[in-house]
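Biologist: Hi, I'm new to this one. Could you walk me through it?

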Amino acid sequence: MKTFVQKFNATFGADMGGPVIAFIAVMLIFGLAADNFLSFGTFGSVAFQLPELGLLTLAMLLPLLTGGINLSITFTANLSGLAAAWVLQAHGGADAPLSAFVFACVAALVTGAAAGALTGAAIAYTRAHPILVTLSMMIFLRGLGEFLTRGGDVSGFPAYVAPIGHGSFLGLPIPLLIFLVCVAVWHVLLTRSKLGFGLLMIGSNMDAADYSGLNTRKIVVLVYTLSGIMCAVAGIIMLARFNSVRVGHGESYLLITVLAAFLGGVNPFGGFGRVLPVFVALVVLQLLSSGLNLMGANQHLATALWGVLMIVVMAARTLASHYRIFTRKKA
Amino acid sequence: MKRIMSVALGLSLALFTSTVSFAAETKIGVVVKIGGIPWFNAMEAGIKEQSAKLGVNGFMVGPTSADPALQVRAIEDLIAQKVDFIGVVPNDSKVLEPVLMKAQAAGIKVITHESPKQAGADWDFELASAKGFGEAHGKLLAEKMGGKGSYAVFVGSLTVPLHNAWADAAIAYIKANYPNMKLVGDRYGVAEDLDKSRSTALDLMSANPDLAGFMAFGSQGPIGAGRAVEERRKDGKVFVVGPFSPGQGAKLIKSGALTGGFMWNPKQAGEVFVTLADRIAKGQAPKAGETIDGLGTITPEGNTIIVDQLLKIDKESIDKLVSMGL
């Protein structure tokens, strides 16, 4: 047992334990409880639902790793989506050529990056707490979006946009493929790049990082800019999936992204965390919610169980770390 | 460790046996705007009762918030679950278009409610037409006022299409049938705000001594106007009609300050979802001139079935409606 744990930790990392155990438990329980759970349909459903929440979680992940948080992600995503929608509308709506769509995507990414950079600069230069800054940003973006759209929605997109949200390529949902690419990019960014190293150092100890000669301000601005760009990707996917853009789309995802990140072993105080466990945690959350839907359970119960899962995983993690310290002392 | 394993195994086996599936039954999943509010609790009761009666497996899925994204997710899960019918009361008709088309492509029939001309739906049914609903209120007010005197109209906002369609129909009906009744001012967009409705009604009563009626479309309008009438002790002289939540207006209805109004019954809507699905599953697609439980005689326009199954809210019916939790 002990050697297995050591081997597992060596291969996948210790923070993978919680999500993987939760994954196995969810698969076992639902596989046995609902006879139609282990089917192609379920996994198709999960694969299509995962990306929008997943991309927003990636957007949340970087700020969390620096010890901050980005509460404005859903509204940044929708505002980016709005930018894309307007570009499409300006070039003929449903008849817009492919080039207009490329331009629309660029507009979305620039909007997301600008919103992120603004947030990052406010945090880096005022040294105000990220909760305050991003909360203000969230209210600002929401108000701006509501003002520009008068609370309504923008729709009427060319037919080739729909497959980005609902189509498949080689049997895999296109939104899932986009999400997997983003996961890979974030993984490389965190493990192989200078920026990834720097942001983890900031998360561990901002002052120490500063004194060690890291340009902490630049890193913080970059982190929130990247978070904004990831929001824009989520915004484009949401535009395609929901066939329209409205400021309120996906409002309910905000806190779930934080939950997914913590479930994936990200340290709430920043500095420690990896992308892959977060990915597994997202899959677990989605399986749990789809599985409960499959069994016809109440949706409010699903929310409650997400909370329970979170508490159980945190308790298990604390127990595991005690166990580790205990065995080390003995040896 | 062994003991834990055996407990876990036993537990999952218990779960397994408790959820024996109903393979041959028609499976109907209805996704509503939001779960846990009185309106959709009543709808769920309707779905459950009618399913038990017809021997089908009907159930309701109520998202935890009125976010259209959650409805998309719920529908994706229903597709995975391989239901035979998906019923929807959309939060946003455009958002649901692609996912409903996906459901249709998977061979699932889609029935919508409160969303006429929904793309991606096989059938849509409405328990009240804009014209019928407006005219019913116009007629009620005219009868109470004895066909004479002036009246004022409140709507939720001048930009709410449905409220204004109701108001148009009601005003046109009164103009055509009761020429001695006079509309005061234009319509007032205050009816979603209780206090604004109350103060506007007070002002209008002061400014127009011959004012004898208020017609209010919007959740708070009838209540606000009713309170104003109660404050001025004009009950029996000034009449207030409009749709409102029975629980909220029960006291005013009983005191006579609020005359009454019409609504449609969410429980009945729940029953119709199941009835329609059951009929279509048996190969009896709804046709013009047919009589269907809960809808009456239907004349579908395209795939939209609109009927006027209005439920009167007045002194007699209020207790029953309140006891339904509405």
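Modeller: Happy to; we can start with one chain, then look at helix packing, the contact between chains and a few single residues. Keep in mind that this is a predicted model.

Biologist: Thanks! How many helices and strands are there in chain B?

Modeller: Chain B has eleven helices and 14 strands. Its C-alpha atoms fill a box of roughly 85 × 50 × 35 Å along the principal axes.

Biologist: And what percentage of the residues of chain B count as buried?

Modeller: Of its 326 residues, 52% count as buried. As for contacts in chain B between residues at least 6 apart in sequence, 70% of them join residues at least 24 apart.

Biologist: Can you show me one helix of chain B in more detail?

Modeller: Sure, take helix H6 of chain B, residues 161–177. At 1.5 Å a residue, its 17 residues should span 24 Å, and the end C-alpha atoms are indeed 24 Å apart, so the two agree.

Biologist: Which residues of H6(B) are buried?

Modeller: They are B:His163, B:Asn164, B:Trp166, B:Ala167, B:Ala169, B:Ala170 and B:Ile174.

Biologist: What do those buried residues of H6(B) pack against?

Modeller: Their partners in chain B are helix H5 (130–145) and the strands E6 (149–155), E7 (181–183) and E8 (211–217).

Biologist: Let's hop over to chain A. At what angle do helices H4 and H5 of chain A pack?

Modeller: H4(A), residues 73–90, packs on H5(A), residues 98–126, at an angle of about 150 degrees, and their axes are 8 Å apart. An angle over 145 degrees counts as roughly antiparallel, so that is the description for H4(A) and H5(A).

Biologist: Is their crossing left-handed or right-handed?

Modeller: H4(A) and H5(A) make a right-handed crossing.

Biologist: Which residues meet there, in H4(A) and in H5(A)?

Modeller: On the H4(A) side they include A:Leu79, A:Ala83, A:Val87 and A:Leu88. On the H5(A) side, A:Phe101, A:Phe103, A:Ala104 and A:Ala108 are among them. By class, the residues of this contact are 13 nonpolar, six polar and no charged.

Biologist: Now the two chains together. How many residues does the contact take from each chain?

Modeller: Chain A gives 35 residues and chain B gives 32. On chain A's side, the elements that give two or more residues are H2 (17–33), H3 (40–65), H7 (162–166), H11 (216–242), H13 (275–294) and H14 (299–330).

Biologist: Which of them gives the largest share?

Modeller: That's H3(A), with six residues. Sorted by class, chain A's side has ten nonpolar, 21 polar and four charged residues.

Biologist: Could we zoom in on one helix pair across that contact?

Modeller: H13(A) and H3(B), residues 68–80, are a good pair: their axes come within 9 Å and cross at roughly 60 degrees. That angle makes H13(A) oblique to H3(B), and H13(A) passes H3(B) in a right-handed crossing.

Biologist: Which residues make the contact between H13(A) and H3(B)?

Modeller: H13(A) uses A:Ser290, A:Asn293 and A:Leu294, while H3(B) uses B:Ala74, B:Asp77 and B:Ala80. They divide into three nonpolar, two polar and one charged.

Biologist: You listed H11(A) too. How many of its residues are buried?

Modeller: H11(A) is mostly covered, with 24 of its 27 residues buried. At 1.5 Å a residue those 27 should span 39 Å, and its end C-alpha atoms are 38 Å apart, which agrees. Just after H11(A), A:Asn243 takes a positive phi of about 65 degrees.

Biologist: Why is a positive phi worth a mention?

Modeller: Because most residues other than glycine have a negative phi. B:Glu114 is another case, with a positive phi of about 60 degrees although it is not a glycine. B:Glu114 is found in the loop between strands E4 (109–113) and E5 (123–126) of chain B.

Biologist: What about B:Arg233, buried or exposed?

Modeller: B:Arg233 counts as exposed, because it has 10 C-beta neighbours inside 10 Å. B:Arg233 has a positive phi of about 50 degrees and is found in the loop between helix H8 (221–231) and strand E9 (239–241) of chain B.

Biologist: Great, that gives me plenty to look at!

Conventions. Residues numbered from 1 in each chain as written. Chains lettered and ligands numbered in written order. Predicted model: local features only at pLDDT ≥ 70, side-chain atom pairs only at ≥ 80, totals over all residues. Contact = placed C-beta atoms within 7 Å. Helix = DSSP H or I, 4+ residues; strand = E, 2+ residues; numbered from the N terminus. Nonpolar A, V, L, I, M, F, W, Y, C, P; charged D, E, K, R; others polar. Expected span 1.5 Å × (residues − 1). Buried ≥ 20, exposed ≤ 12 C-beta atoms within 10 Å, placed from the backbone. Axes fitted to C-alpha atoms, helices over the stretch in contact; angles between N-to-C directions. Parallel < 35°, antiparallel > 145°, perpendicular 65-115°, else oblique. Left-handed = near helix turned anticlockwise from the far one by under 90°.
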